[in-house]
Amino acid sequence: MKFGLENITTLCQALGHPEQTFKSIVVAGTNGKGSVTVMVETALRAAGHRTARYTSPHLVRLEERFVVDGREVETALLRDVVGGVQRTVDSLMKNGSLEALPTFFECTTAAAFEVFRRAGTEIAVLEVGLGGRLDATNVATPMVTAITSIDFDHQAQLGNTLESIAREKAGIAKPGVPMICGRVPEAAFGVISQVCESTGAPLIPVSDVVKIVPRADGETLDVQVESRSLDEIKLSLPGRHQRENAAVAVAVLNAIATRGVPVPDAAIWKGLAEAQWPARLERFVRDGVEILLDAAHNPAGARALASHLQDIGWSRITLLFGAMRDKDIGGMLAPLAPVCETVICTTPPTARALPADELAAVARQFAPAVEIVPDMNEALESAIARRTRVVAAGSIFLIGPLRDILR
């Protein structure tokens, strides 16, 4: 992994700046940025715009990252585009324009820009991969930016304080471009304010423009946007935390509308009520056993998942858990273990994964009953055989393959 914008800038220039052929929105944040990206793109599509979205990582297939008008890119087109990116990289390396090979994410980002250009995209929603300031998506010049949340994750790259993490994410700020800021810790908000002021980016706290009012049934919401109200919306994405994401999405859409891209209230309503984002509190049933998949991969995500389990009244839960080596395992298990009966530790199918036995050594500090089943398929069958409700979490590199099996 190499940070910096030099490679992606050189690559985009050699490709003829595809990132400049469409309007864009850039969404950063510790958690929630994928959900906000999908809500915003769904609403823009409902408003009649030719849209695209770029998200990461993917669950199973690379094509999932590149969506145009609600459909994944066709494999043949992606192969052609990636081939073009590869030939361009080879040429730049040969003539010395690039000092080092671009990273995987830099190449997929360049490919996304080219896919969107070929599709005649009007407006694309780009999810930041990691951080913001030095992320490859930051070569775009967006019409609006957003920060969904600030919490601890990727400390090795972003720093060990909320202030340092906020500074990196606020690096997507651009002069004259409004930045929407979700509910973040006070210390983080102070840093974001400083960055926006020094950059000349108008800062718009979500709480200044959007208010979410739950109705008595607990599921339906009224959304107040400045002087308007969108009534009786049931969010398509489950979980109380999605209310915060919905508020950010509405604030982004409101800002977009003030900058010349019309987004009627009916389209905003559809964006919240119809957005689809797999493996986020997604339910399956196998052999009569309810299974909940969630891509929670850091402490904040685990806290949101634990809160949701309490909200829906689940008990006697078997937690199927796998995670990457560089993650805060204890920070995730601390909120999850108390609401689960057993933790089954497994090894996600990637070289970055923490082996199941090492994971179990941490899990035993939080859970009274811990089982080790390294093979992911066997772990799923073991969890189902317990005849309790099953929750799988800890890494998208676990959840993606599990979802493929369950589908």
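At what angle do helix α1 and helix α3 pack, and how far apart are their axes? In this predicted model, helix α1, which covers residues 6-14, packs against helix α3, which covers residues 75-94, at an angle of about 110°, and their axes are 10 Å apart. Because angles of 65 to 115 degrees count as roughly perpendicular, α1 is roughly perpendicular to α3. Beyond this pair of helices, the points below take up an open sheet of eight strands, a cluster of aromatic rings, two residues with backbone features, P57 and D287, and the surroundings of G171.

**Helix packing**
- The crossing that α1 makes with α3 is right-handed.
- On the α1 side the contact is formed by T10, L11 and A14, and these meet V85, T88, V89 and L92 on the α3 side.
- Sorted by character, the residues of this contact of α1 with α3 comprise five nonpolar and two polar, with no charged residue among them.

**The sheet**
- The eight strands of the open sheet follow the order β4-β3-β2-β5-β1-β6-β7-β8, and their pairing is mixed.
- At the edges of the sheet lie β4 (71-72) and β8 (203-205), each of which pairs on one side only.
- Within the sheet, strand β6, made of residues 144-147, pairs with strand β7, made of residues 179-181, in the parallel sense over three bridges.
- For A146, the bridge partner in β7 is I180.

**Aromatic rings**
- Four aromatic pairs are found in the structure.
- Ring pairs join F22, F113 and F116 into a cluster.

**Backbone features in loops**
- Most residues other than glycine have a negative phi, and most peptide bonds are trans.
- The peptide bond between S56 and P57 is cis, with omega at about -10°, and P57 is placed in the loop that runs between β2 (51-54) and β3 (66-68).
- D287 is not a glycine, and yet its phi is positive, at about 55°; this residue is found in the loop between β12 (280-286) and β13 (289-294).

**Around G171**
- G171 has its place in the loop between α6 (162-169) and β7, and β7 is the strand that pairs with β6 in the parallel sense.
- In sequence G171 and A28 are 143 residues apart, whereas in space they are 9.6 Å apart, C-alpha to C-alpha.
- When its neighbours within four places in sequence are left aside, G171 is in contact with R133 and N138.

Definitions and conventions
Residues numbered from 1 in each chain as written. Predicted model: local features only at pLDDT ≥ 70, side-chain atom pairs only at ≥ 80, totals over all residues. Heavy atoms only, no water. Axes fitted to C-alpha atoms, helices over the stretch in contact; angles between N-to-C directions. Helix = DSSP H or I, 4+ residues; strand = E, 2+ residues; numbered from the N terminus. Parallel < 35°, antiparallel > 145°, perpendicular 65-115°, else oblique. Left-handed = near helix turned anticlockwise from the far one by under 90°. Contact = heavy atoms within 4.5 Å. Nonpolar A, V, L, I, M, F, W, Y, C, P; charged D, E, K, R; others polar. Phe/Tyr/Trp six-rings, centres within 6.5 Å; stacked < 30°, edge-to-face > 60°. Pairing = 2+ DSSP bridges.
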